[in-house]
Amino acid sequence: MLQAYSSNITVAANTAYPLNNVTVEKGCSVVLSAPGTIQLNKRGLYCVTCDGYNTAIAAGTVSTQLAVNGVLQPQAIAEYTGSTTAIGDFKFQTLVQVAQDNTKCCCTSPTTLQFINGATAVEDAHINVVVTKLC
């Protein structure tokens, strides 16, 4: 299990939210491997919950979307119409299936998760992520 968050950050368009703080890390199946990347090391089913808020730097559609191994997940997206004067909230929850363990063998690699900011840059952002291995 992992809970990570960041507060008061600015995130450029089309980039991953950095996760600068880890509040809970239990076991080795879910780890924060870089500020913008969570690594799933064990096969199984994971529940991924993401919530937060931000202010758009320009008006437009603001989105936060989960990427698994670099591929955006259509079922794991939150969108709102952004304004430079209003704070927008976002939240989504989804499941991620991992088929094999991450081992030292060169033919396996970890499954990675990133939370991607869409086409509109944001500021004063807060993001909270919880990843729990279900089975």
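Let's start with phenylalanine 115. Leaving out residues up to four places away in sequence, Phe115 touches Thr15, Ala16, Tyr17, Leu19, Ile38, Val48, Cys50, Gln65, Leu66, Phe92, Ile127 and Val129. Keep in mind, please, that this is a predicted model.

So where does Phe115 sit in the bigger picture? Phe115 is one of the 30 residues in the largest nonpolar core. Together with Ile38, Leu40, Leu66, Leu113 and Val131, Phe115 touches the most other members of that core. Which strands supply the core? At least two residues each come from β1 (2–11), β4, β5, β6 (60–68), β7, β8, β9 (111–117) and β10 (122–133). The largest share is 5 residues, and β10 provides it.

Now let's look at the strands themselves. How many helices and strands does the protein have? The count is 0 helices and 10 strands, so along the sequence you read β-β-β-β-β-β-β-β-β-β. The radius of gyration is 15 Å, close to the 14 Å that the globule rule gives for 135 residues, so the protein is as compact as a globular protein of that length. If you draw a box around the C-alpha atoms along the principal axes, that box is roughly 50 × 25 × 25 Å.

Next, a sheet. Five strands form an open sheet in the order β3-β4-β9-β6-β7, and the pairing is antiparallel. At the edges you find β3 (30–34) and β7 (71–82), each of which pairs on one side only. On average, neighbouring strands here are turned by 25° against each other, direction ignored. Zoom in on one edge: β3 pairs with β4 (residues 37–40) over 4 bridges, in the antiparallel sense. Within that pairing, valine 31 has glutamine 39 of β4 as its bridge partner.

Another pair to find on your screen is β5 (residues 44–56) and β8, which run antiparallel and are joined by 12 bridges. Here cysteine 47 has leucine 95, in β8, as its bridge partner.

Strand β8 (residues 87–98) is a lovely one to trace, with side chains that alternate. Which side chains are buried? Gly88, Phe90, Phe92, Thr94, Val96 and Val98 point to one face and are buried. Ile87, Asp89, Lys91, Gln93, Leu95 and Gln97 point to the other face and are not buried. You have already met Phe92, by the way, among the residues that Phe115 touches.

Let me finish with the whole protein. Of its 135 residues, 44% count as buried. Among contacts between residues at least 6 apart in sequence, 69% join residues at least 24 apart. The accessible surface comes to about 6700 Å², and 52% of it belongs to carbon and sulfur atoms.

Methods:
Residues numbered from 1 in each chain as written. Predicted model: local features only at pLDDT ≥ 70, side-chain atom pairs only at ≥ 80, totals over all residues. Heavy atoms only, no water. Pairing = 2+ DSSP bridges. Axes fitted to C-alpha atoms, helices over the stretch in contact; angles between N-to-C directions. Rg over C-alpha atoms; globule rule 2.2 N^0.38 Å. Buried < 20%, exposed > 50% of the residue type's maximum accessible area, 1.4 Å probe, protein only. Contact = heavy atoms within 4.5 Å. Areas by Shrake-Rupley, 256 points an atom, 1.4 Å probe, with all protein chains shown as cover. Core = buried A, V, L, I, M, F, W, Y, C linked by side-chain atoms within 4.5 Å.
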